Amino acid sequence: MQYDLEYEQPANEDVFDPNQGHGSHLECIDDDIDQILQSALDLLAKSKNIRMIASPEVMAKRDGKEYDTRLILLSKNEDQDITARIILEAADNGAELVSMFPYVVNNQSIPMVLKKIDEYANGFEAVLTCEYDDIELRFFDVDYPIHKKEYVIGNTYSFALSALAYQAELVPESEMLFEIEPETVEKMCEVDPSVGERDENGNVLPMKVSMDIFAACLQNDERYPDDAEFWSPIQSKVRKTTLFNYDLYRMEITIHQDESEEHIVNIPLVARASFFEDKPGKGISIRGHLWLQGRRCLSENE
């Protein structure tokens, strides 16, 4: 199974870690990973509550050696806000649970150019690096075993993105407005005189900047490229949801917007309800650390 958090960190912190698992991803739901895994096993025992998504034949890896195998991809219910994805490996004497992770369901896709694939050590899970609007977005492909054989670097595919929060919080009111000192504003006026205001004596006044519409998603960790720091106003109503009886909130945030606002990427984010004292509302800015996921959505011509 993929959930042991006590493995040796890679010697080079600037390269992808293929030995990572889903322990930290399960902690997005609750700290008690053992209980979440038990809930997954209970779910498997009640087969009427799950459905099979696909059963692809893939080239997997074990102890560094490749071998052909068949996987069984299961899901609790993809009509809900969040579900559990379960991967079994078929065997002569039954099936083995080899992976399980939460997935925030989304069907709104955008076209992206596939630039890079970083596979997990098991050979059937991976993080994709794709280009959209001249930026790179790196995400865990929840359907990688289905499409692994089809992917071609440089081709364009449509992906629906979503995220789970490792941690999230409301941005304090004190940090939603900041002041730029007159000396800095004066330098800005040298480039564009219209940006600054002056007093009656001609002195440049401090500039007050609002963070009400500020949004950012920064992916800087090469070991875990699908992780990101984020800051965004909530772009939708916030609704309560659950997975394995844990209380969660689902909301939309912005992870990319260009200056013209022609290209805006809003995605659903699910976060623990316990991260917030009260349910946050639309327009409130939040920040934190997230795990970015993606699912390929086939277009009519594919």
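This section describes the overall architecture of the protein chain and the setting of one residue, Ala60.

In the predicted model, the secondary structure of the protein chain consists of 4 helices and 17 strands. Along the principal axes, the C-alpha atoms occupy a box of roughly 85 × 45 × 45 Å. The chain comprises 302 residues, of which 49% are classed as buried. Among contacts with a sequence separation of 6 or more, 59% link residues that lie 24 or more positions apart.

The surface and the charges were also examined. An area of about 16000 Å² is exposed by the protein chain, and 44% of this area is supplied by carbon and sulfur atoms. The chain carries 28 positive and 60 negative charges, and the mean positions of the two sets are separated by 8 Å.

At the level of single residues, Ala60 was considered in its local environment. Ala60 belongs to strand β2, which spans residues 57-62. The relative accessibility of Ala60 is 0%, and Ala60 therefore counts as buried, the cut-off for this class being under 20%. When neighbours within four places in sequence are set aside, the contacts of Ala60 are with Lys65, Glu66, Tyr67, Thr69, Asn122 and Phe124. With respect to Arg295, Ala60 is separated by 235 residues in sequence, while the C-alpha to C-alpha distance between Ala60 and Arg295 is 20 Å.

Technical notes: Residues are numbered from 1 along each chain as its sequence is written. This is a predicted model: local features need pLDDT of at least 70, side-chain atom pairs count only at pLDDT 80 or more; totals for chains, interfaces and linings use all residues. Side-chain values use heavy atoms; hydrogens and water are left out. Helices (H or I, at least four residues) and strands (E, at least two) are DSSP runs, numbered from the N terminus. Buried means under 20% relative accessible area, exposed over 50%, partly exposed in between (1.4 Å probe, protein chains only). Contact means heavy atoms within 4.5 Å. Accessible areas come from the Shrake-Rupley method with a 1.4 Å probe; for residues, only the protein chains shown count as cover. Lys and Arg count as positive and Asp and Glu as negative; His and the chain ends are not counted. The place of a charge is taken as NZ of Lys, CZ of Arg, CG of Asp or CD of Glu.
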